[in-house]
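Welcome! Take a moment to look over the model below, and then we will walk through some of its features together.

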Amino acid sequence: MVRSVISGNSASAYGAKIARAEVIAAYPITPQTSIIEKIANFVANGEFKTEFVKVESEHSAMAACVAASLTGARTYTASSSHGLLLMHEMLIWASGARTPVVMSNVNRANGPPWSVWADQHDTMAQRDTGWMQIYCESNQEVLDSILMQYKVGESPDIMIPSMIIEDAFILSHTVEPVDIPDQDAVDDFLPPFAPEKKLDPDDPHGFGSLVMPEWYMEFRYKIAESMDLARDRIREVEKDFEKRFGRSYGGLMDFYEVEDADAVLMIGGSVASTAKEVIDKMRKEGKKVGLARVRYFRPFPVDEVRWLAKKVNRIGVVDRSYCFGHGGPIAAEVYGALLPTGDRPIVKNFIAGLGGKDITPEVLERLFNKMLVTNESGTEKEIEWVDVKGHSLGVE
Amino acid sequence: MEKYKGYKDLPIMPITDTPSTVNQTGFWKTFKPIFEMDKCIKCNICWKFCPEPAITLDEEGYPVIALFHCKGCGICANECPKDAIKMVMEE
């Protein structure tokens, strides 16, 4: 094991390298570019034997990954924001063709207004593509999640692609100490990808072919079933990973100080780290607050949310993106998960940090304090935009 | 599909039993390419450019067109440096 001080983007590149990705097809975009630059360096230095394909667009990058994956190669790519949006069609291909591609995505705002800063709208807009999505809190989690998701995705009964997501600049360009596991240990944890059926010129078949209405739903149901099964596989693989490498991240939803909490914020991404600091400070002041960190958005941690709702009466969902028309995407899932149960905590949706607006300790403390005293239930102020000039929440 | 009773019997994704070359997709073309072999210099440019690909090469390296796959796009005729390929209206 080597302990290095590296950025989230470097951690992504090391993740692809030690996972021994065999085909990497990628196109540059801020703030992802330094991932593939680092990989290009590895390849140029002869440190990393991989087929590094320089493509003309993100759409082509994903098309190349899908085709390479079908030949039985472990594949990797990286993108962000508008690059990810251009991939949309091929993302759906990747999951439909059951190719367990792993992609790093740096969460960046979509334009206009043009922006390169942190915002979850790019990945949230890919909710329905059939990919697993992991929102990371640290650079170490970025690297480790790549290794774990190859293992989860490549399971013969799963075969689903994964997006490993890091916040623009906050993780992508900020350095932290990261343990880079030894190659032997990684090889032992992650054997080569060996799909049952492969594209083979000596035994040609059409992959992803036409299916008549009699059987289309059955194929889609198989994806649904595998995605549901992935929840348990994620937990199993993380346990195995923890045994070997001594690190774990809480499965699908990472809870912090929720057992006796009067109010909990639910957040995805690196802001969770800030929230943990705020919780430690507020707990010293006698305020019982906690955090539910959304690690996986797909598959959604339905059981975890329902478990939380039995314990906690006030949940504030902080969405770093907005679905125009009604509400933030994480909050919508939480409402959806709780409707069939009898548990009715107060759930409020805060829209914060869009386009890189900092979610500071002060902002989170204000949201915690608001949740601790709120009696607004039902539809009263169910969605609030935080610190929009001229329409600010809680600046009193 | 008679061997399949339910979704569990299906492969993980739709995979054809035969290569897609069995699908004869060349019937809707308006123009078809006619090769004048005496002009051909075996440069193989038509073979490289055919997007189908409906052009293969025989043992001597001359192009052979599979008209049941050719869609009549005319790229081969456009690229041929010797004007050895003419596009003529399908009857």
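**Two prolines in a loop**

A:Pro112 sits in the loop that links E5 and H5 of chain A. This is a predicted model, and that loop is a good place to begin. From there we move to other backbone features, then to a helix, the domains, the cores and the second chain.

**Cis peptide bonds**
- The bond between A:Gly111 and A:Pro112 is a cis peptide bond, with omega at about -10°.
- A second cis peptide bond joins A:Pro112 to A:Pro113, and here omega is about -5°.
- A:Pro113 is also found in the loop between E5 and H5 of chain A.

**Positive phi values**
- Most residues other than glycine have a negative phi, and most peptide bonds are trans.
- A:Arg98 has a positive phi, near 60°, and is not a glycine.
- You will find A:Arg98 in the loop between H4 and E5 of chain A.
- Is A:Arg98 buried or exposed? A:Arg98 counts as buried because it has 28 C-beta neighbours inside 10 Å, and the cut-off for buried is 20 or more.
- A:Met159 also has a positive phi, near 50°, and lies in the loop between helix H6 (139–153) and strand E7 (162–167) of chain A.
- With 22 C-beta neighbours inside 10 Å, A:Met159 is buried.

**Helix H4 of chain A**
- Helix H4 covers residues 81–96 of chain A, which makes 16 residues.
- From its first C-alpha to its last, H4(A) reaches 22 Å, close to the 22 Å expected at 1.5 Å a residue.
- Where is the kink in H4(A) centred? A:His88 is the centre, and the kink is about 60°.
- The buried residues of H4(A) include A:Leu84, A:Met87, A:Leu91 and A:Trp93.
- Among the elements covering the buried residues of H4(A) are helix H3 (58–70), strand E4 (75–80) and helix H8 (213–245) of chain A.

**Two domains in chain A**
- The domain assignment splits chain A into domain 1 (2–245) and domain 2 (253–385).
- The C-alpha centres of domain 1 and domain 2 of chain A are 28 Å apart.
- How many residues of domain 1 of chain A are in contact with domain 2 of chain A? There are 26, and they meet 19 residues of domain 2.
- On the side of domain 1 of chain A that touches domain 2 of chain A, H8(A) gives the largest share, five residues.
- By class, that side of domain 1 of chain A has 14 nonpolar, six polar and six charged residues.

**Nonpolar cores**
- The largest nonpolar core has 115 residues, and A:Cys65, A:Val264, A:Leu265 and A:Met266 have the most contacts inside it.
- Both domain 1 (2–245) and domain 2 (253–385) of chain A give residues to this core, so it lies between them.
- Leaving out residues up to four places away in sequence, A:Val264 touches residues including A:Val258, A:Leu291, A:Leu308 and A:Ile315.
- Apart from the largest core lies another, of ten residues, among them B:Ile55, B:Ile65, B:Cys70 and B:Ile85.

**Where chain B meets chain A**
- Eleven residues of chain B are in contact with 16 residues of chain A.
- The side of chain B that touches chain A has nine nonpolar, two polar and no charged residues.

**One aspartate to find**
- A:Asp303 belongs to helix H10 (residues 302–311) of chain A.
- A:Asp303 is partly exposed, with 13 other C-beta atoms within 10 Å.
- A:Leu338 is 35 residues from A:Asp303 along the chain, and their C-alpha atoms are separated by 9.8 Å.

Key. Residues are numbered from 1 along each chain as its sequence is written. Chains are lettered from A and ligands numbered from 1 in the order in which they are written. This is a predicted model: local features need pLDDT of at least 70, side-chain atom pairs count only at pLDDT 80 or more; totals for chains, interfaces and linings use all residues. Helices (H or I, at least four residues) and strands (E, at least two) are DSSP runs, numbered from the N terminus. The expected span of a helix is 1.5 Å times one less than its number of residues. The bend at a residue is the angle between axes fitted to the seven residues ending there and the seven starting there. A residue is buried if 20 or more other C-beta atoms lie within 10 Å of its own, exposed if 12 or fewer, and partly exposed in between; C-beta atoms are placed from the backbone. Two residues are in contact if their C-beta atoms, placed from the backbone, lie within 7 Å. Domain bounds come from an automatic or database domain assignment. Ala, Val, Leu, Ile, Met, Phe, Trp, Tyr, Cys and Pro count as nonpolar, Asp, Glu, Lys and Arg as charged, and the others, Gly among them, as polar. A nonpolar core is a set of buried Ala, Val, Leu, Ile, Met, Phe, Trp, Tyr and Cys residues joined through C-beta atoms within 7 Å.
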